[in-house]
Amino acid sequence: MIVTSVGRILTMARGKVQMRRIENTASRQVTFSKRRSGLLKKAYELSVLCDAEVGVIIFSQKGRLYEFSSSSEIQNTIDRYRRSSNDADTYKANMEQYLLHLKQETTDMERKIELLEVSLRKLSGQCLGSCSTDEIQMIGDQLERSLGGIRARKAQLFNDKIQQLQEKERSLKEENAKLLAKSTAYPRVAAIDSQSSRSEDVETGLSIGLPESLIRHHPAQV
């Protein structure tokens with residue numbers, strides 16, 4: 001025994017129990033009773049402290065049943081376990097089926113890619129030594145169709161470009177016409193302003209005051 005500095009007495013730790021069947025019948029029965037009680041107590045504490053549904057089923061060596069369930073009946077816990085187990089089995093089966101489906105799709109895709117690569121090499125003029133006359137004819141027809149599609153697309157692009165340029169030309173002509181109209185109207189306005197200024201400078205010969213003859217005859221009145 002070890003005495004601590006504060007006076008508490010601690011028992012020395014027991015040695016590690018070997019995990020094997022206890023040969024002595026009496027010792028085995030005592031150990032079973034103690035550990036069974038401890039297990040059921042721990043199950044109860046777990047259900048209370050953690051609000052968990054716990055079920056424990058124990059059969060002794062002689063077939064005697066001991067059980068604990070945090071629910072009203074152990075059968076409810078067993079039914080829930082079966083449902084969960086069935087759901088897990090169903091999920092596992094579905095996942096396996098899904099993985100097989102993905103594997104099949106991957107194999108099919110690899111086969112399609114391989115065929116497309118072979119077809120592409122043949123269209124580029126490679127690997128034609130093993131082709132028959134009919135295959136060569138089919139490749140030629142396919143190339144002609146492809147070339148026709150390329151030419152049609154090229155012609156469409158050219159037509160679209162021509163239409164854009166024509167639209168731009170019309171827009172420039174309209175803008176040029178507007179500028180020409182403005183430039184033509186400006187000299188006319190300038191000419192009208194010039195005539196107005198000249199008319200203001202013309203002498204009318206009129207004077208304000210007495211006639212000059214009256215001024216000569218009556219100088220003192222001026």
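**Group meeting: surface, pocket and charge pairs in a predicted model**

Good morning. On the surface, five residues make up a nonpolar patch: Tyr91, Met95, Tyr98, Leu99 and Leu102, which together have about 500 Å² of accessible area. I should say at once that the model is predicted.

Let me take one member of that patch. Leu102 belongs to helix 2, which covers residues 74-123. Leu102 has a relative accessible area of 30%, and it is therefore classed as partly exposed.

I turn next to the pockets. The largest pocket has a volume of about 330 Å³. Its lining consists of 14 residues, and those nearest the centre are Arg28, Gln29, Phe32, Ser60 and Gln61. Which element gives the most to this lining? Helix 1, residues 25-50, does so, with six residues.

Now to the charged side chains. As a general point, side chains of opposite charge can pair when their charged atoms come close. Across the whole structure, the search finds six salt bridges. I shall describe three pairs, beginning with Glu53 and Arg80, whose side chains meet at 2.3 Å, N to O. This pair links distant parts of the chain, 27 residues apart: Glu53 lies in the loop between helix 1 and strand 3 (55-59), while Arg80 lies in helix 2. Glu53 is partly exposed, at 35% relative accessible area, and Arg80 is also partly exposed, at 44%.

Helix 2 also holds the pair Asp108 and Arg111, three residues apart, or about one turn of the helix. In this salt bridge the closest N and O atoms of Asp108 and Arg111 are 3.1 Å apart. Asp108 has a relative accessible area of 27% and is partly exposed; Arg111, at 45%, counts as partly exposed as well.

The last pair I shall describe is Lys173 with Glu169, a salt bridge of 3.5 Å, N to O. Both residues are in helix 3 (residues 133-201), and because they are four residues apart, about one helical turn separates them. Is Lys173 buried or exposed? Lys173 is exposed, with a relative accessible area of 55%, whereas Glu169 is partly exposed at 42%.

Finally, the cysteines. How many disulfides does the count give? The count comes to zero disulfides. A disulfide, in general, is a covalent bond between the sulfur atoms of two cysteines. Cys50 is exposed, with a relative accessible area of 52%, whereas Cys131 is buried, at 13%.

Thank you. I would be glad to take questions.

Note on methods:
Residues are numbered from 1 along each chain as its sequence is written. This is a predicted model: local features need pLDDT of at least 70, side-chain atom pairs count only at pLDDT 80 or more; totals for chains, interfaces and linings use all residues. Side-chain values use heavy atoms; hydrogens and water are left out. A disulfide is a pair of cysteine sulfur atoms within 2.5 Å. Buried means under 20% relative accessible area, exposed over 50%, partly exposed in between (1.4 Å probe, protein chains only). Patches are made of residues with over 30% relative accessible area and no salt bridge: like charges are joined within 9 Å, nonpolar side chains (Val, Leu, Ile, Met, Phe, Trp, Tyr) within 5 Å. Accessible areas come from the Shrake-Rupley method with a 1.4 Å probe; for residues, only the protein chains shown count as cover. A salt bridge is a side-chain nitrogen of Lys or Arg within 4 Å of a carboxyl oxygen of Asp or Glu. Helices (H or I, at least four residues) and strands (E, at least two) are DSSP runs, numbered from the N terminus. On a 1 Å grid over the protein atoms alone, a cavity is a set of points where a 1.4 Å probe fits but cannot get out, and a pocket is an open set with protein on both sides within 12 Å along at least five of seven lines; lining residues have an atom within 4 Å of a point. Grid points are joined across faces, edges and corners, and a volume is the space filled by probe spheres set on the points.
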